[in-house]
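This report describes selected elements of a structure, moving from one residue and its surroundings to helices, strands and a second chain.

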Amino acid sequence: MNDDVVERAIKSSRDPQVFRALLASVKRNVGFLSKKPILMEVCGSHTWAISHTGIRELLKDEVELISGPGCPVCVTSPGEVAQMIELSYRPGVIVTSYGDMIRVPGRGGSLEASRAAGNHVEVVYSAMDAVTIAENNPEQQVAFLGIGFETTAPAAAVAVELAKARGLGNFTVYSAHKLMPPALRAILSLPDLNIDGLILPGHVSAVTGRKYFDFISDYAVPAVISGFEACDILYAILKLVKKIRARDFSVENAYPRAVRETGNTKAMAEISKVFRPSDAFWRGLGNIPLSGLELNTQYSSFDAKVRFGLPPVVEEPEPPGCSCAEVLSGRKTPRQCRLFGKACTPSNPVGPCMVSSEGSCRAHYVFGR
Amino acid sequence: MGGSEWPVCVALPLKVNEVDGNWAIVEVSGGKIRVRSDLVSVRPGDYVLVHAGFIIEKLELEEARKTLDMFREIEG
Ligand code: SF4
């Protein structure tokens with residue numbers, strides 16, 4: 001019974017007939033607007049899905065779909081990348097990282113290059129795997145590179161608590177976690193950016209809840225929370241187009257099967273138990289006050305920055321010629337980067353936006369030909 | 001994620017098969033994986049979203065109905 005409704009809901013979100021009806025409706029409704037709307041998504045998975053489903057191509061005359069700072073690997077600042085690489089060169093340290101991160105080029109090469117040079121860099125699927133590695137290697141220090149948003153931060157928090165409960169003195173987290181609202185405020189305050197609507201990240205919202213994003217209405221930009229199936233995304237686009245016309249600036253939830261008003265309160269409580277907001281550098285947006293997470297004082301012995309005496313992160317230059325900073329802040333499309341598809345390709349990436357499967361440059365390159 | 005074209009965040013809804021303490025066994029195409037259930041209490045049969053090895057939310061029956069209605073409204 002339960003199966004039935006949930007499965008039918010999932011099926012209908014992929015139904016070609018629903019998809020065609022939604023597509024026609026978007027096209028018809030855009031006709032009522034005075035100009036082609038610019039919609040920004042802020043989730044690497046939306047970047048990927050919008051390209052993968054063909055929506056970007058199918059709506060290229062009606063809607064401009066751009067990416068904001070939603071790809072976790074991409075928004076990690078050059079200064080943070082440099083510290084992660086540096087950490088991997090410390091003797092006796094095992095650096096554990098989500099997969100895409102290890103290929104990001106930065107000062108000192110990349111984690112992948114560091115591993116090739118004989119250092120210990122392990123790719124993990126989950127923060128829990130890093131805890132297990134720490135248990136199995138008591139003679140070594142294990143630093144977990146915590147990147148991502150409100151979705152991955154609770155997992156890192158649980159890992160820290162488990163390490164504490166198990167008395168693991170060799171486990172630390174290098175927290176480069178980022179919070180969505182300060183970055184959205186920064187984007188919405190950019191004087192040279194004109195976005196007509198925001199497609200909000202479905203899984204960040206599943207954790208934070210819809211209400212968390214209510215502040216967006218202060219900026220008079222419509223926003224809709226979207227899921228990740230083809231019809232979910234088209235439905236969110238349709239809602240946005242209608243809201244632009246109606247000048248309706250409420251924040252709407254178009255992914256109700258996963259997103260509640262107040263989200264996953266247990267996960268949010270985990271974040272605030274282990275972390276506190278701190279200033280953080282974002283690639284593309286620079287330093288944003290209280291937009292990152294650092295470990296709370298009572299967990300500071302699990303803070304890699306404390307354990308290894310790392311200095312505060314500073315601004316570092318982008319890779320030469322790379323426009324990732326502009327791409328991540330919606331000021332340039334990947335194709336406007338002169339290295340795109342020439343000096344910079346997925347097999348030879350110059351910047352993180354071409355490394356990550358959630359990166360905008362990679363999505364445009366892989367699906368755009 | 002390593003190298004695959006599927007980003008982590010396209011968290012497909014997965015069905016819980018078994019619960020064992022803070023671990024849950026979920027069904028993925030062609031097999032089963034072990035994920036953490038520290039952040040959501042789940043029971044066998046639940047549909048869940050998994051992100052980087054942790055269940056981050058459960059799909060609700062009532063809300064899935066809303067999704068069906070939402071798309072039905074378009075078809076009509
Ligand atoms: S195409 Fe490559 S060099 Fe250009 S912005 Fe994207 S990642 Fe950077």
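Leaving aside its neighbours within four places in sequence, with which residues is Tyr235(A) in contact? The model is a predicted one. In this model, Tyr235(A) touches Leu22(A) and Ala254(A) and, in chain B, Met70(B), Phe71(B), Glu73(B) and Ile74(B). The residue belongs to helix H12 of chain A, which comprises residues 230–246. Because its relative accessible area is 6%, under the limit of 20%, Tyr235(A) is classed as buried. His120(A) lies 115 residues from Tyr235(A) in sequence, and the C-alpha atoms of the two are 45 Å apart.

**Helix H2 of chain A**

Leu22(A), one of the contacts of Tyr235(A), is also one of the buried residues of H2(A). This helix covers residues 16–30; at 1.5 Å a residue its 15 residues should span 21 Å, and the end C-alpha atoms are indeed 21 Å apart. Val18(A), Phe19(A), Leu22(A), Leu23(A), Ser25(A), Val26(A), Asn29(A) and Val30(A) are its buried residues. Viewed down the helix axis, they fall within an arc of 165°, and therefore line one face of H2(A). Gln17(A), Arg20(A) and Arg28(A), on the other side, are exposed. At the start of the helix, the backbone nitrogen of Gln17(A) has a side-chain oxygen of Asp15(A) within 2.9 Å.

**Strand pairs of chain A**

Two strand pairs are set out below.

| Pair | Sense | Bridges | A facing pair of residues |
|---|---|---|---|
| S7(A), residues 197–201, and S8(A) | parallel | 4 bridges | Leu198(A) and Ala223(A) |
| S10(A), residues 275–282, and S11(A), residues 286–295 | antiparallel | 7 bridges | Ala280(A) and Ile288(A) |

In a regular strand, side chains point alternately to the two faces of the sheet. Strand S8(A), residues 223–226, is covered on both faces. Ala223(A) and Ile225(A) are buried on one side, and Val224(A) and Ser226(A) on the other.

S10(A) and S11(A) form a hairpin with 3 residues between the strands. In the turn, Gly284(A) has a positive phi of about 95°. Ser278(A) is located in S10(A). Its relative accessibility is 12%, so Ser278(A) counts as buried. Not counting residues up to four places away in sequence, Ser278(A) touches Leu290(A), Ser291(A), Gly292(A), Leu293(A) and Glu294(A).

**Helix H17 of chain A**

How many residues of helix H17(A) are buried? The helix spans residues 360–367, and 6 of its 8 residues are buried, leaving it mostly covered. These are Ser360(A), Cys361(A), Arg362(A), Ala363(A), His364(A) and Tyr365(A). The buried residues of H17(A) pack against several elements of chain A: helices H3 (44–52), H4 (55–58), H15 (324–328) and H16 (352–355), together with strand S2 (64–67).

**Chain B**

Chain B, which supplies Met70(B), Phe71(B), Glu73(B) and Ile74(B) to the contacts of Tyr235(A), contains 5 strands and 1 helix. Their order along the sequence is β-β-β-β-β-α. The chain has 76 residues, and buried residues make up 49% of them. Of the contacts in chain B between residues at least 6 apart in sequence, 29% join residues at least 24 apart. The accessible surface of chain B is about 3500 Å², with 47% of it belonging to carbon and sulfur atoms.

Notes:
Residues numbered from 1 in each chain as written. Chains lettered and ligands numbered in written order. Predicted model: local features only at pLDDT ≥ 70, side-chain atom pairs only at ≥ 80, totals over all residues. Heavy atoms only, no water. Helix = DSSP H or I, 4+ residues; strand = E, 2+ residues; numbered from the N terminus. Buried < 20%, exposed > 50% of the residue type's maximum accessible area, 1.4 Å probe, protein only. Contact = heavy atoms within 4.5 Å. Areas by Shrake-Rupley, 256 points an atom, 1.4 Å probe, with all protein chains shown as cover. Expected span 1.5 Å × (residues − 1). Arc of directions from axis to C-beta. Polar contact = N/O pair within 3.5 Å; in protein donor to acceptor, adjacent residues only side chain to side chain. Pairing = 2+ DSSP bridges.
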